[in-house]
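Work through the exercises below with the model open. Each task is followed by a solution in steps.

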Amino acid sequence: ASFFARMFVQVCLYFYCKCLWRCLKFVVRKLTGRCELQRICYNTKPGAARTMKIEASLKGSKSKRLQTSVSVHPDAIEKAIDDIMELKRINPDINPQLGVSLQACLLQIVGYRNLIAEVEKLRREPYDSENPQHEEMLLKLWKCLKPNSPLKARISKQWCEIGFQGDDPKTDFRGMGLLGLYNLVYFAEWDTEIAQQVLSDSLHPKYSHFSKAEWEKKKFDKAIGYSFAIVGINITDLAYNLLVSGALKTHFYNVAPEAPTLTHFQQTFCYLMHEFHKFWIEEDPLDIMEFNRVREKFHKRILKQLQNPEMALCPHFAASESLINM
């Protein structure tokens, strides 16, 4: 009985607050002469703060046409904006900037949804050793990371040198599918210097770019390494979860002027790889069995950063430049 009483009270409070909120919006519109969308666009600067408020406003609208505007095809965004202007009785000639602002926000919102679909498709596609394109990408990964050490055979213990678990890397891609390979290749190809440095440090962390004085100060004498490729696939999983949960909206809406793309996601992966490497060294775990603890702590730190509406993990996606200058 107590449980049902609490449920009843919560339901009553929900509807009371919802009705009160709608009444408040109505009063504010009458007083200001502007609808909620206008107030957001005129009073909130461009970026995550504005786009996320616009997204919440459209999703919370009582109009189905406004609710569905956040999931239209990119080509239908202009039509969606016309519908919004019509439903809200806004004259586009008197409010030309509103249409421009709404278009920028909808491009980001729709683009984020499409990016999730694209990333999910790659994650679900398994690595196929019979597919020449898959094999070519895998060999490219080796060449970028170990340019001076030719791979002696496709099936080889050499793969362990870049952090795979066995002599055939295809088995390690089962969790993240092609997405893990795409991210690793992107990191190795476009941030080659950083990727090679992180690989070297992961094999010999005690002799990384830290000076001898820094090692002694931080007591890194027992620093241990990790498997570069396996960690890359694991960080791919972390980036994937940040994306799907919506946590990366703050970052993408702040740095992508229009729709975020797969390249943006991969640049973010580069940033996360470098940040995790530094975090691992700083945490100085006793052994590799502490990996999950360190990863979870790192995950929470990134989540906390992304709660800031002003946050941009790697501004303008210039991952290489920002990492080198750190």
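Buried means under 20% relative accessible area, exposed means over 50%, and partly exposed lies in between (1.4 Å probe, protein chains only). This is a predicted model, in which local features need pLDDT of at least 70, side-chain atom pairs count only at pLDDT 80 or more, and totals for chains, interfaces and linings use all residues. Residues are numbered from 1 along each chain as its sequence is written, and side-chain values use heavy atoms, with hydrogens and water left out.

**Exercise 1. The whole chain**

Task: State how many helices and strands the protein chain has, and what share of its residues count as buried.

Solution.
- Step 1. Take helices (H or I, at least four residues) and strands (E, at least two) as DSSP runs, numbered from the N terminus.
- Step 2. The protein chain then has 15 helices and zero strands.
- Step 3. Of its 326 residues, 45% count as buried.
- Step 4. Turn to the surface, using the Shrake-Rupley method with a 1.4 Å probe; for residues, only the protein chains shown count as cover. The protein chain exposes about 17900 Å², and carbon and sulfur atoms supply 56% of that area.
- Step 5. A contact means heavy atoms within 4.5 Å. Among contacts between residues at least 6 apart in sequence, 67% join residues at least 24 apart.

**Exercise 2. A pair within one helix**

Task: Classify Arg-124 and Glu-120 as buried or exposed, and describe how their side chains meet.

Solution.
- Step 1. Apply the rule: a salt bridge is a side-chain nitrogen of Lys or Arg within 4 Å of a carboxyl oxygen of Asp or Glu. The count comes to 17 salt bridges.
- Step 2. Arg-124 and Glu-120 form one, at 2.6 Å from N to O.
- Step 3. Both sit in helix 6 (residues 96-124); because they are four residues apart, about one helical turn separates them.
- Step 4. Glu-120 has 16% relative accessibility, so this residue is buried. Arg-124 has 62%, so this residue is exposed.

**Exercise 3. A network around Glu-283**

Task: Which residues are linked with Glu-283 in a network of salt bridges?

Solution.
- Step 1. Glu-283 meets Arg-293 in a salt bridge of 3.2 Å, N to O. Glu-283 lies in helix 13 (residues 262-283) and Arg-293 in helix 14 (residues 291-306), so the pair ties together parts 10 residues apart in sequence.
- Step 2. Lys-297 also meets Glu-283, at 3.1 Å from N to O. Lys-297 is in helix 14 and Glu-283 in helix 13, so this pair ties together parts 14 residues apart in sequence.
- Step 3. The network links Glu-283, Glu-290, Arg-293 and Lys-297.
- Step 4. Check accessibility. Glu-283 is partly exposed at 22%. Arg-293 is partly exposed at 37%. Lys-297 is partly exposed at 43%.
- Step 5. Go to Ile-281, found in helix 13. Ile-281 is buried, with a relative accessible area of 2%. Its C-alpha atom is 8.9 Å from that of Gly-225, 56 residues apart along the chain.

**Exercise 4. Positive phi in loops**

Task: Where do Arg-89 and Asp-284 lie, and what are their phi values?

Solution.
- Step 1. Arg-89 lies in the loop between helix 5 (77-87) and helix 6. Its phi is positive, about 55°, although Arg-89 is not a glycine.
- Step 2. Arg-89 is exposed, at 75% relative accessibility.
- Step 3. Asp-284 lies in the loop between helix 13 and helix 14. Its phi is positive too, about 50°, and Asp-284 is not a glycine.

**Exercise 5. Helix crossings**

Task: At what angle do the axes of helix 11 and helix 13 cross, and those of helix 2 and helix 6?

Solution.
- Step 1. Axes are lines fitted to C-alpha atoms, for helices over the stretch in contact; angles run from 0 to 180 degrees between N-to-C directions. Under 35 degrees counts as roughly parallel, over 145 as roughly antiparallel, 65 to 115 as roughly perpendicular, and the rest as oblique.
- Step 2. The axes of helix 11 (residues 228-245) and helix 13 come within 10 Å and cross at roughly 125°. Helix 11 is therefore oblique to helix 13.
- Step 3. Residues that meet there include Phe-228 and Val-231 in helix 11, and Phe-265 and Phe-269 in helix 13.
- Step 4. The axes of helix 2 (residues 36-43) and helix 6 come within 10 Å and cross at roughly 85°. The two helices, helix 2 and helix 6, are therefore roughly perpendicular.
- Step 5. Leu-37, Gln-38, Cys-41 and Tyr-42 of helix 2 make the contact with Leu-98, Ser-101 and Leu-102 of helix 6.
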